[in-house]
Amino acid sequence: MSALPVAEAPGHGRALVIRNLVKEYRKGQPVLRDISLSVSEPGIVAIIGPSGTGKSTLIRCINRLVDPTSGSIMLGGTDLAKLQGEPLRAARRRLGMVFQEYNLVERLTVIENVLCGRLGYVPVWRAWTRRFPEEDIAHAFALLESVGLGDFATRRADQLSGGQRQRVGIARAVMQEPDLILADEPTSSLDPKTSVEIMELLAKVGRERNIPVLVNIHNVALARRYALRMIGMSKGLVVYDGPPAGLQDSHLAEIYGGEGWME
Amino acid sequence: MSAPPVSAGGSLRARAFPANWPLRLGAVLFVAYVIYAAGIVDIRWERFVQGLGNGARFLGRMFPPNLAHDKLQLLAQGMLESLQIAIIATGAGVLLALPVGLCAARNLMPLPVTILARGLIALCRTFHPVIVAILFVKAVGFGALAGILALIVATIGFIAKLIAEAIEEMSMKPIEALRAAGSPFLSVVVMGVVPQVLPRFIGFAAYQLDSNLRNSALVGLVGGGGIGATLFTAFQRFDYDFVLTIIIAIILAVMAGEILSAFMRRVYQDEAPSGEVKQGASGPVWHRFTAAERGMRLAFWGVAALALGWSVQTIEVIPEFLYDAPAQTVDLFARMWPIDWAYFPKTVQQALIETLHTATLGTVLAILMATPVALMCARNISSSVWVNTLGRFILVATRSVHTLVWALLFVAVFGPGALAGVMAVAVHSIGFTGKFLAEAIEEAKPGPIEALRAAGAPWRSVLLKGFWPQVKPAFLAVSLFRWDINVRESAVLGLVGAGGLGVALQAAMDNLYWDQVGLVLVVIFAVVVVTEIVTATLRAKVI
């Protein structure tokens with residue numbers, strides 16, 4: 001794999017600062033109870049925790065696929081929690097997202113899926129006629145090359161394997177030239193070997209583009225291996241926030257409850 | 001093997017085949033109703049036999065079909081106009097249906113917008129195209145324009161509903177991803193929604209073209225132009241040999257339409273375009289389509305545009321009528337108000353009951369006749385190609401000729417009244433009911449069938465215990481769905497003298513009592529709504 005194309009001017013306000021974030025789907029039953037954290041360092045930040053503890057909700061609150069109940073989510077001076085309409089769309093362009101089930105448009109080709117990452121930038125007629133700007137198309141080819149799918153540009157997305165689809169998903173997110181990548185269980189639908197490859201790729205993206213990659217992940221070992229920082233969540237709260245080395249069995253017992261599962 | 005367990009008194013032991021008394025009672029009541037209704041609409045053996053005699057004479061007058069030069073010219077003129085009506089109505093209707101269907105999709109649009117759009121769709125679907133055509137004939141005058149407008153309304157109702165359903169059934173995952181990338185709404189639609197629903201949409205549009213071709217023969221009966229007008233004139237002049245020519249022509253045209261739409265579906269539906277990548281001077285160059293794909297698309301759109309252009313160019317529309325239309329429409333509805341409720345107990349109530357009887361009896365008769373035909377068509381039952389083909393021909397032929405046209409024929413055979421209506425409903429429904437039954441039979445899993453055959457069961461037992469349990473849900477669903485359609489159709493059969501609400505409608509229109517017309521329309525509306533609720537409830541219960 002060749003090097004990823006690097007963003008021209010990195011370094012402008014990429015700090016993500018979340019304060020007192022609360023999300024209740026049903027009144028009185030908070031899924032997220034007062035989350036505060038900030039992320040500014042490049043590389044993988046892994047969020048671990050049991051199912052149903054609000055990891056996905058947290059990620060989705062950041063790009064507002066889920067509307068937070070209260071609290072603020074600051075990114076480079078704007079509060080994402082308060083945005084609506086056009087400003088929200090503009091802010092979302094700066095947040096790339098990678099999904100558990102890839103969320104590709106199955107009947108479109110790989111290159112079209114990657115170009116979907118530009119939809120926030122190009123007018124609708126360009127999307128309709130597929131007349132994307134030259135530099136976008138060149139960039140899309142370079143990205144496909146860098147994720148190892150150079151020969152797959154005109155394949156339909158539904159003809160790819162899971163790992164290949166996730167690579168397209170990552171290329172689509174990078175295509176946005178994001179300041180931050182959010183990955184919601186990017187490896188949960190993949191086999192162990194492919195999971196490692198995908199984490200490797202996400203780490204590379206973070207390193208080369210110099211941006212944080214916030215990853216929800218179930219596999220603690222995999223998280224430890226690639227994350228520079230780990231956030232442990234339990235019952236809607238952050239119970240650990242620090243380097244992987246500092247994560248003890250006692251923390252894991254607190255996060256997941258019980259100890260029997262730790263072999 | 002041990003003996004089956006017996007509880008203390010023996011009475012609690014579960015029986016393998018418990019009697020379902022409510023079901024048996026229901027069946028007995030239903031049979032009793034059918035006999036009673038048959039008595040009401042005057043289905044008697046003597047009338048039937050007498051009708052057969054008439055029918056023989058009638059058929060004698062139809063054969064041989066009239067192929068005289070002047071008649072063929074009339075035929076060509078009518079068919080051409082029908083084709084143009086169908087093309088314009090499909091083109092315009094589909095274009096208008098797209099935004100309406102999008103607005104009706106509850107997974108993309110806010111609730112108030114979907115309610116408005118769904119209301120519009122329901123309105124377009126409630127009234128039979130013939131009734132809509134009658135209203136348009138009053139508003140814009142006789143001729144093709146009224147027919148086109150009526151079929152546009154029908155197309156919007158049908159296509160928009162299916163588009164909304166297709167959008168609601170698509171995967172929301174890619175939509176979420178595009179939203180997360182900051183795409184504006186329309187970009188989400190063109191890149192996320194369109195690729196997912198396009199194959200089904202092409203299928204609907206192709207089906208609608210063929211359905212409009214069939215229906216354009218229909219709107220002509222009430223003054224909406226096209227081959228229907230030619231047919232109606234031939235009937236009024238007792239030119240029965242020409243009637244046969246026209247009916248054969250309609251069947252052939254509808255068959256050609258079905259082949260064409262099947263072809264269109266195959267070309268456009270399955271494989272999404274893939275495009276190609278070529279190496280350019282400054283790196284790879286992406287082409288969305290290969291040269292061959294581009295050629296196919298150009299050819300397709302070229303033909304579509306030419307057909308539409310030709311139709312719009314040559315069809316006869318009188319512009320003065322068009323300018324006048326809004327005023328005429330307002331005037332029409334003003335004359336309907338206030339509605340003459342007193343007309344209800346006098347005539348309409350009786351007609352309403354007759355309509356319901358007609359629909360039910362016609363559906364029952366259709367199922368009786370369609371079942372053997374479906375067995376003939378199902379390839380996993382009849383292995384003979386000849387039997388299959390004959391069955392399929394019967395299905396297409398009965399379906400191609402619209403209920404109202406069948407009603408014209410049966411009125412000539414049995415005389416005016418509900419009997420002709422029942423026969424028309426029954427014969428036309430064979431095609432629809434038989435087609436879906438045959439498909440359900442062909443989809444039956446071969447495993448249980450093989451097991452029964454292996455156990456040495458005779459074919460009757462194989463049908464009853466192997467196929468029937470598998471086909472039953474589809475059978476009930478199709479019967480209910482057809483009954484729902486037949487209620488709508490029965491309501492207009494009276495326009496050609498085959499009994500029911502249409503007779504009251506025709507009488508009121510002939511007398512220019514528009515307040516009574518208003519009443520009949522309100523009653524039809526109510527019946528259609530109630531029927532839909534009843535079938536929806538039954539469907540949820542039975543299936």
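Me: Two strands pair if DSSP finds at least two bridges between them. This is a predicted model: local features need pLDDT of at least 70, side-chain atom pairs count only at pLDDT 80 or more, and totals for chains, interfaces and linings use all residues. Residues are numbered from 1 along each chain, with chains lettered from A and ligands numbered from 1 in written order. In what order do four strands of chain A form an open sheet?

Reply: The pairing is antiparallel (strands are DSSP runs of E, at least two residues; helices are runs of H or I, at least four; both numbered from the N terminus). E2 (29-39) and E5 (78-79) of chain A each pair on one side only, as edge strands. The order is E2-E1-E4-E5.

Me: Which residue of E5(A) stands opposite Met74(A)?

Reply: Strand E4 (residues 70-75) of chain A and E5(A) pair antiparallel over two bridges. In E5(A), the residue opposite Met74(A) is Asp79(A).

Me: How many of the six residues of strand E3 (43-48) of chain A are buried?

Reply: Buried means 20 or more other C-beta atoms within 10 Å of the residue's own; exposed means 12 or fewer, and partly exposed lies in between, with C-beta atoms placed from the backbone. E3(A) is largely enclosed by the rest of the structure, because its buried residues number five.

Me: Which residue of strand E9 (229-234) of chain A is the bridge partner of Val45(A)?

Reply: E3(A) pairs in parallel with strand E8 (212-216) of chain A over five bridges. There, Ile44(A) has Val213(A) as its bridge partner. E3(A) also pairs in parallel with E9(A), over four bridges. In E9(A), the partner of Val45(A) is Arg229(A).

Me: Which helix gives the most to the largest nonpolar core?

Reply: A nonpolar core joins buried Ala, Val, Leu, Ile, Met, Phe, Trp, Tyr and Cys residues through C-beta atoms within 7 Å. This core has 233 residues; Val114(A), Ala407(B), Phe410(B) and Val520(B) touch the most other members. With 19 residues, the helix that gives the most is H6 (144-169) of chain B.

Me: How many residues does chain A bring to its contact with chain B?

Reply: Residues are in contact if their C-beta atoms, placed from the backbone, lie within 7 Å. Chain B gives 27 residues. Among the elements of chain B giving two or more are helix H7 (173-180) and helix H8 (185-219). Chain A's count is 31.

Me: How many residues of helix H1(B) are buried?

Reply: H1(B) has 20 residues and is hardly covered. Asp42(B) follows H1(B), with a positive phi near 65 degrees. The count of buried residues in H1(B) is one.

How values were computed. Two residues are in contact if their C-beta atoms, placed from the backbone, lie within 7 Å.
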